[in-house]
Amino acid sequence: MAGEQACTYATLILHDDGIAVTAEKIAALVKAANVQIESYWPSLFAKLAEKKNLDDLILNVGSGGGAAAPVAAAAPAGGAAAAPPAAEEKKEEPKEESDDDMGFSLFD
């Protein structure tokens, strides 16, 4: 767990400073922090940084990850504009009346 966290912080530091994220630079930062990690962690994080846009990962931390974005419906043939979606009607639920409002209780 400490290896993952140390490499995560090192990757974020490098990215924030605008320095290219490489396995060697991640390993150097982790070594400077005096954290012992497995040798494969820096290369895994460097490959991640190479393949993914780190800004997108940072900005979408709480977005749920693997969910696909909703797809817009295709426009109808003939160039006609698509009708706007109908507004959802909010149904008002009747408020439940409590026994206190009626002036008596089951246990009186």
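The protein chain folds into five helices and zero strands. This description rests on a predicted model. Read from the N terminus, the order of elements in the protein chain is α-α-α-α-α.

Some totals describe the protein chain as a whole. Of its 108 residues, 15% are buried. The exposed area comes to about 9,600 Å², and carbon and sulfur atoms supply 56% of that area. Among contacts with a separation of 6 or more, 50% join residues that lie 24 or more positions apart.

**Packing of H1 and H2**

Two packed helices are described by the angle between their axes and the distance between the axes. For helix H1 and helix H2, the angle is about 115° and the axes are 9 Å apart. Angles of 65 to 115 degrees count as roughly perpendicular, and H1 and H2 are therefore roughly perpendicular to each other. Their crossing is right-handed.

Which residues of H1 and H2 meet? The table sets out both sides of the contact.

| Helix | Residue range | Residues in the contact |
|---|---|---|
| H1 | residues 2-16 | Ala6, Cys7, Ala10, Thr11, Ile13 and Leu14 |
| H2 | residues 23-32 | Lys25, Ile26, Leu29 and Val30 |

Sorted by class, the contact of H1 with H2 holds eight nonpolar residues, one polar residue and one charged residue. The polar residue is Thr11 of H1, because Thr is not listed among the nonpolar or charged types. The charged residue is Lys25 of H2, because Lys counts as charged.

Note on methods. Residues are numbered from 1 along each chain as its sequence is written. This is a predicted model: local features need pLDDT of at least 70, side-chain atom pairs count only at pLDDT 80 or more; totals for chains, interfaces and linings use all residues. Side-chain values use heavy atoms; hydrogens and water are left out. Helices (H or I, at least four residues) and strands (E, at least two) are DSSP runs, numbered from the N terminus. Buried means under 20% relative accessible area, exposed over 50%, partly exposed in between (1.4 Å probe, protein chains only). Contact means heavy atoms within 4.5 Å. Accessible areas come from the Shrake-Rupley method with a 1.4 Å probe; for residues, only the protein chains shown count as cover. Axes are lines fitted to C-alpha atoms, for helices over the stretch in contact, and angles run from 0 to 180 degrees between N-to-C directions. Angles under 35 degrees count as roughly parallel, over 145 as roughly antiparallel, 65 to 115 as roughly perpendicular and the rest as oblique. A crossing is left-handed if the near helix is turned anticlockwise from the far one by less than a right angle, and right-handed if clockwise.
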